Amino acid sequence: MKISVIGTGYVGLVSGTCFAETGNQVICVDIDESKVERLNRKECTIYEPGLEVLLERNVGQGRLSFTTDLEYAVANTDIIFLALPTPPGGDGAADLSYVLDMAEKLGTLIQDYKVIVDKSTVPVGTADLVTAAIAKNAKVEFDVVSNPEFLKEGVAVEDFMKPDRVVIGTTSEKAMKIMERLYKPYVMSGNPIVFMDERSAELTKYAANSFLATKISFINEIANLCDLTGANVDMIRKGIGTDDRIGKRFLFAGIGYGGSCFPKDVQALERTAKDYNYDFKILNAVMDVNAAQKHMFFKRIKETYEGKLAGKKVAVWGLAFKPNTDDIREAPALELITNLLAEGCEVSVYDPEAMDNVRGIFGDKITFSKSMYLATENVDFLIVATEWGVFRTPDFEKLAKTLKDKTIFDGRNIYEKDQLKELGFNYYSIGRP
Ligand code: NAD
């Protein structure tokens, strides 16, 4: 099938590459010329495990190309995916300007029947707005389909190639058949393609992300209660996670959720509810708990040092909002570093993939270290902000020598309390008093 993907970021690049991997002819479009040039040279512009190999193969074999020429892409493809940003607008609602501006342009460009697919996360009712924006100028038949994306950064290729489910929102029989044919190779093992109307598909995506964020805020509140009562959140996680109705995943206490999706999507769903005069109480609590959780961890660090952080040298391991990605959008580490700098700390950081993205934010205000141990040389204490695999079993003897205060603040609960105590560390984690 002939496909174009407009917007070649985390979602667009993974989707386009994975569509090419099953034999489709794919053109990815972006406005960022340097990104397009690099991708055409088979240079991966994001860190995503497994993506580079697929990119090389599919560009090499001529199934995948990148361009800034929208008109060319539209003329040469039948299915057009929109994988454009939908960042939070001023009032928390998703900013639809990228999607709707593009829809208007597409209306002027399409010369024959096209299926236009919203892959961006968009509020309920957007398919109608996109249809109207295209129809303003279009002289030919087209269908708009809502096909929200559920991939997780860090395992995005695997998620795309073997999705738990594919959600297709359309009331057009013709578009439904085309989309079914396109996705069939990805669900050979029997996972479902769930067909529904456009509005339900749009809301499904927000419901999924908001539910997952709720799980995180819930376990964080349990962890805070553990700190007060002497219970251990690790035990509680095991105690409740084995119940099928609850499930083992997304029950890890920490310094709050971040990333480009949960914060903005929970906020946008709350905004949608407000637009319909519905008070979605749980969502407000989820956001409040998350904001408090990020703050609470820093407060604990400050209290440990009785408010005297000025002049302290601090190492931070992990900058990305989660492991196996270079994405730093809304990463808890950023707020932590900002707070440390405001208190007058000197900060050195290490992250296996995300340091280049952070350079643009802090510049020379912090030290970027070439290795995790260089970051900890001659510092007073260490903070673990992202649970990258490489941080899980560090050389504690080395750390004991380099951390002047022999103190570790573990924002992801990745170390064994008893082991660190035996080794003589002052160790602080979350919900494990
Ligand atoms: P991104 O910022 O990584 O990528 C967006 C891309 O669109 C950028 O490369 C940008 O240059 C390009 N772009 C902007 N305007 C353009 C235009 N007019 N023409 C062509 N290209 C243009 O964003 P993302 O993380 O891939 O997210 C895209 C959408 O997918 C969002 O709605 C997001 O909520 C949703 N989503 C993201 C994830 C995720 O894990 N990142 C997962 C599921 C859904």
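Me: Starting with the term: a crossing counts as right-handed if the near helix is turned clockwise from the far one by less than a right angle, and left-handed if anticlockwise. So which is the crossing of α13 and α14, left-handed or right-handed?

Reply: In this predicted model, α13 and α14 cross in the right-handed sense.

Me: At roughly what angle do the axes of α13 and α14 cross?

Reply: Roughly 40°, and the axes of α13 and helix α14 (residues 355-362) come within 12 Å. Angles under 35 degrees would count as roughly parallel and 65 to 115 as roughly perpendicular, so α13 and α14 are oblique to each other.

Me: OK, what about α12 and α13, how do their axes sit?

Reply: Helix α12 (residues 281-304) and helix α13 (residues 332-342) have axes that come within 10 Å and cross at roughly 40°. That makes α12 oblique to α13. The α12 and α13 crossing is right-handed.

Me: Switching to the ligand. How many residues surround it, and which are the closest?

Reply: There are 25 residues around the ligand, and the closest are D30, K35, T86, E153 and K264.

Me: What's the mix of nonpolar, polar and charged in that shell?

Reply: The shell around the ligand has 11 nonpolar residues, seven polar ones and seven charged ones.

Me: And which helices each supply at least two residues of the shell?

Reply: α1 (10-21) and α5 (97-109) each do that.

Me: Now the polar contacts. How far is the polar side-chain atom of K35 from an oxygen atom of the ligand?

Reply: For K35 that distance is 2.5 Å. E153 has a side-chain N or O atom 2.7 Å from a nitrogen atom of the ligand. With V11, a polar backbone atom is 2.8 Å from a ligand oxygen.

Me: How much of the ligand's area does the protein bury?

Reply: The protein buries 89% of the 830 Å² that the ligand exposes when taken alone.

Methods
Residues are numbered from 1 along each chain as its sequence is written. This is a predicted model: local features need pLDDT of at least 70, side-chain atom pairs count only at pLDDT 80 or more; totals for chains, interfaces and linings use all residues. Side-chain values use heavy atoms; hydrogens and water are left out. A residue is near a molecule or strand if one of its heavy atoms lies within 4 Å of it. A polar contact is a pair of N or O atoms within 3.5 Å; within protein, one must be able to donate a hydrogen and the other to accept it, and residues adjacent in sequence count only if both atoms are side-chain atoms. Accessible areas come from the Shrake-Rupley method with a 1.4 Å probe; for residues, only the protein chains shown count as cover. Helices (H or I, at least four residues) and strands (E, at least two) are DSSP runs, numbered from the N terminus. Ala, Val, Leu, Ile, Met, Phe, Trp, Tyr, Cys and Pro count as nonpolar, Asp, Glu, Lys and Arg as charged, and the others, Gly among them, as polar. Axes are lines fitted to C-alpha atoms, for helices over the stretch in contact, and angles run from 0 to 180 degrees between N-to-C directions. Angles under 35 degrees count as roughly parallel, over 145 as roughly antiparallel, 65 to 115 as roughly perpendicular and the rest as oblique.
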